[in-house]
Amino acid sequence: MGVTRLTRHMFLWSMAIIYMFAFASLYVQIPGLYGNEGVLPVRLVEPRVNGSRPVLEQIHAHPSLLWLGPRLGLDLDAQQAMELLCLAGALLALGAALLEPLRDSLVFFCLWALYLSLCQVGQDFLRFQWDSLLLEAGFLTVLVAPLNLLRCATFRHHDAVTFWLARWLLFRLTFGSGVAKLASHCPSWWGLTAVNHMFEAQGIPLPWSWFIQQLPDWYLKLGTVGLLVTEIAVPPLYFAPIRSLRLAAFYIQATYQVKLMFLGNYGFLPLLSLALTFSLLDDDHISYWLGHGKKKRTKTWPQTIMSLLVVLAVFAVIIYGTKVLFTLEIDWDARTITSKTAFTQQQFGNLLKLVTGPTIWVGVLSLTWEVVAAMLGCVCVRGCLWKLWGLVQWAVFASAAVAVFAISVVPYSSMEQVYSSKILPEVRQAYSLVERYRLVSAYSLDSRMTGVAGRSEVILEGSMDKNTWTEIEFMYKPGNVGVAPPVVAPHQPRLDWQMSQAAQGLAKQSSWFTGLVHCLLQGNKDVVRLIQTDSAQYPFSQAPPVYLRASLYRYWFTQTTQDGSGPNEWWRRDYAEEFYPAVQLGDPALEAMLNQHGLKEKFPIQPSPDSPLAQVLRQVRGHVQTLPGHLVLWSLLATVATIWLLKTLLSGVLGGRKAKPTPAEPKAKKAKDQSAEKSASASSLKAGRENSEESRRDADKSPKKRK
């Protein structure tokens with residue numbers, strides 16, 4: 001068994017679950033977001049089929065499977081094609097989550113191609129950083145997963161090399177996000193007050209975000225310090241040669257990602273980050289978790305003590321550096337811990353110039369170690385043919401790993417312009433060739449903290465006479481000050497997230513917002529379901545509003561009451577300014593913005609096809625369209641959990657799960673093992689005959705026998 005077999009299976013299973021959530025969450029939103037009369041109709045950006053161009057050339061120009069529908073004879077419109085891709089992806093991911101043979105490289109390639117196809121036409125709603133992260137992690141999964149369906153050889157000495165790429169991605173995600181927070185010169189991060197506003201300003205808060213916001217300011221500032229240390233100081237330990245340091249880094253990052261799951265509605269982002277942390281583990285540690293075996297003691301006592309001393313020294317340096325750099329002091333009288341940044345932006349910039357290059361070279365050395373170790377593993381295989389086959393696999397996957405690492409250096413080095421200019425032109429050219437496939441990306445999560453002067457929210461209002469205005473409440477984003485924030489994860493309500501993003505800018509910069517206003521004035525039911533699936537909660541369910549406008553408000557969490565009870569009102573708000581002027585259908589200003597953003601109808605909408613496949617898609621949509629997205633995803637999660645529970649119970653009733661066959665070994669090794677077994681059985685038979693002869697002689701010598 002390879003050293004990464006169990007960790008690889010955990011990673012592949014996690015990726016299957018994440019893909020299932022991503023496809024299902026997007027599927028329930030397709031009619032309102034991308035339908036023929038949706039906010040951003042996909043038919044306006046759908047790549048057109050050119051029969052004179054070769055297929056590969058069209059794939060390179062427009063890497064999406066949507067335009068292949070007519071070539072395959074599928075009589076579907078653009079919306080139905082997107083629905084078909086989403087359903088196929090969700091079902092394929094569900095099968096991979098439940099059946100181990102489907103956790104195959106070909107299956108994960110299909111999942112990656114399906115999600116890439118959707119992102120290519122998804123426009124603003126599919127341009128979040130977690131979408132880029134899923135595409136990059138999904139492509140790495142193709143390299144990590146085995147070829148079960150083709151029944152190729154199961155011994156894979158290159159697994160450690162390809163799985164190392166997940167560790168490198170985790171490093172770029174965490175370290176890059178931590179550096180971006182300080183490199184952005186955001187006053188909240190430098191003043192250590194970012195966490196003081198984070199729970200109030202996050203895209204879709206949770207109910208307990210209100211309670212966390214009530215914690216003392218000094219405690220929340222300490223949380224900012226801990227977050228920066230977790231994202232900047234801990235990631236270099238991913239490549240530490242000492243196993244204990246890597247395990248410690250795993251537990252720190254895993255705890256941080258689990259905390260994110262329970263402190264915010266971040267969709268599948270924390271799950272995806274947690275899946276990447278599995279690359280820091282090894283099979284011995286997971287076996288120890290499962291109780292399948294004890295850790296092998298391969299170190300002497302002096303080596304163990306020395307390793308422990310090094311680990312303690314490393315964390316002592318991190319703790320002491322944290323105390324010095326953030327001026328941590330205990331105020332015993334006030335029973336608080338004060339903190340303040342003790343370094344300047346210029347000093348941080350100089351440090352960033354010094355560490356950017358070495359971190360890349362640490363990655364080079366770590367990857368080189370894995371490549372050489374994998375090559376030695378192939379050379380040590382018995383049998384010339386098996387050795388040759390192992391070396392061929394090693395050469396292919398090692399080359400792929402080196403290529404992915406090389407092009408990933410381009411977006412990673414962008415955080416420091418001086419070193420970025422030193423990247424080889426050939427590497428930049430290779431990156432530009434594959435950039436459209438989103439194989440690698442740069443990550444800077446929460447680099448600038450918004451909501452310092454209050455959370456900005458766009459409030460839509462409709463009217464029938466332009467005198468009496470009624471607010472339009474969304475299911476998920478803040479609106480009514482008396483409604484508690486919802487729990488929606490792992491569902492990703494993309495319209496609600498975009499509304500929060502739009503509140504940071506102008507309506508003219510958000511093409512989709514004009515499309516949303518136009519659809520609501522037309523009374524499009526699919527768009528209305530994005531806002532409220534329950535028509536009773538939508539004030540204009542009987543007739544669409546004649547006029548529509550949008551205002552910008554500042555929101556703050558309310559404070560605790562004197563008796564310490566829960567809030568009567570969760571929010572307080574103040575009017576800030578007009579966000580979108582009052583418009584109606586046919587308004588010249590609205591028509592001008594529709595033309596400006598390319599949302600004006602260039603050709604009439606064609607009637608939906610009535611093919612058997614289109615009818616099936618409509619029937620599936622009819623069963624799902626009245627359900628909120630988060631309930632659909634929770635149902636999927638409950639289904640997977642129930643099936644796993646039934647499998648566990650049945651395996652227990654039937655006498656336990658059967659032992660899985662060990663990976664196929666070279667024939668020379670098998671022959672040696674078989675000969676060893678035969679000799680062992682022959683020696684046992686011989687020993688048994690000798691024992692029986694001795695017992696017979698003893699019986700002859702007994703008194704009873706002589707009589």
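Here are some friendly notes on this predicted model, one topic at a time.

1. **How far to trust the model.** Start with the confidence scores: the mean pLDDT of the protein chain is 86, and 87% of its residues reach 70 or more. Two stretches deserve caution. Residues 662–688 stay under 50 in pLDDT, and the model gives them 14 contacts beyond four places in sequence. Residues 690–707 also have a pLDDT below 50, with four contacts in the model beyond near neighbours in sequence. Where pLDDT is low, the predicted coordinates should not be read in detail.

2. **The largest cavity.** Rolling a probe the size of a water molecule over the atoms shows where empty space is left. In this model, two cavities of 30 Å³ or more turn up. The largest cavity holds about 230 Å³ of space. Its lining is made of 21 residues, and those nearest the centre are V28, Q29, R529, L530 and T533. To find the walls on screen, look for helix 2 (30–34), helix 21 (494–502), helix 23 (525–531) and helix 25 (612–624), each of which supplies at least two lining residues. Sorted by class, the lining of the largest cavity has ten nonpolar, six polar and five charged residues.

3. **The second largest cavity.** Here the space is about 30 Å³. Which residues line the second largest cavity? They are E136, L140, L165, W168, L169, R172, V404, S408 and V440. Helix 7 (129–144), helix 8 (159–183) and helix 18 (384–413) each give at least two residues to this lining, and helix 8 gives the most, with four. The lining of the second largest cavity divides into six nonpolar, one polar and two charged residues.

4. **The second largest pocket.** The second largest pocket has a volume of about 910 Å³. It is lined by 37 residues, with W130, L445, D446, W497 and Q501 nearest its centre. Among the elements giving two or more residues to this lining are helix 7, helix 8, helix 10, strand 3 (455–463) and helix 21. By class, the lining of this pocket has 14 nonpolar, 16 polar and seven charged residues.

5. **Helix 10, an enclosed helix.** Why is helix 10 (residues 194–201) described as largely enclosed by the rest of the structure? Eight of its eight residues are buried, so the surroundings largely enclose it. The buried residues in helix 10 are A194, V195, N196, H197, M198, F199, E200 and A201.

6. **M20 and its neighbours.** M20 sits in helix 1 (residues 5–27). Is M20 buried or exposed? M20 counts as buried because its relative accessibility is 0%, and the cut-off for buried is under 20%. Not counting residues up to four places away in sequence, M20 touches A90, A93, L94, L636 and V640. M20 and L94 are 74 residues apart along the chain, yet their C-alpha atoms are separated by 5.9 Å.

7. **The cysteines.** How many disulfides does a search of the whole structure find? The count is zero. C378 helps to show the reasoning: the closest cysteine sulfur, in C380, is 9.3 Å from its own sulfur, so the two are too far apart for a bond. A disulfide would need the sulfur atoms within 2.5 Å. Surroundings are worth a look too: C378 is buried, at 2% relative accessibility, whereas C384 is exposed, at 70%.

How values were computed. Residues are numbered from 1 along each chain as its sequence is written. This is a predicted model: local features need pLDDT of at least 70, side-chain atom pairs count only at pLDDT 80 or more; totals for chains, interfaces and linings use all residues. Side-chain values use heavy atoms; hydrogens and water are left out. On a 1 Å grid over the protein atoms alone, a cavity is a set of points where a 1.4 Å probe fits but cannot get out, and a pocket is an open set with protein on both sides within 12 Å along at least five of seven lines; lining residues have an atom within 4 Å of a point. Grid points are joined across faces, edges and corners, and a volume is the space filled by probe spheres set on the points. Ala, Val, Leu, Ile, Met, Phe, Trp, Tyr, Cys and Pro count as nonpolar, Asp, Glu, Lys and Arg as charged, and the others, Gly among them, as polar. pLDDT is the predictor's confidence in each residue, from 0 to 100. Contact means heavy atoms within 4.5 Å. Buried means under 20% relative accessible area, exposed over 50%, partly exposed in between (1.4 Å probe, protein chains only).
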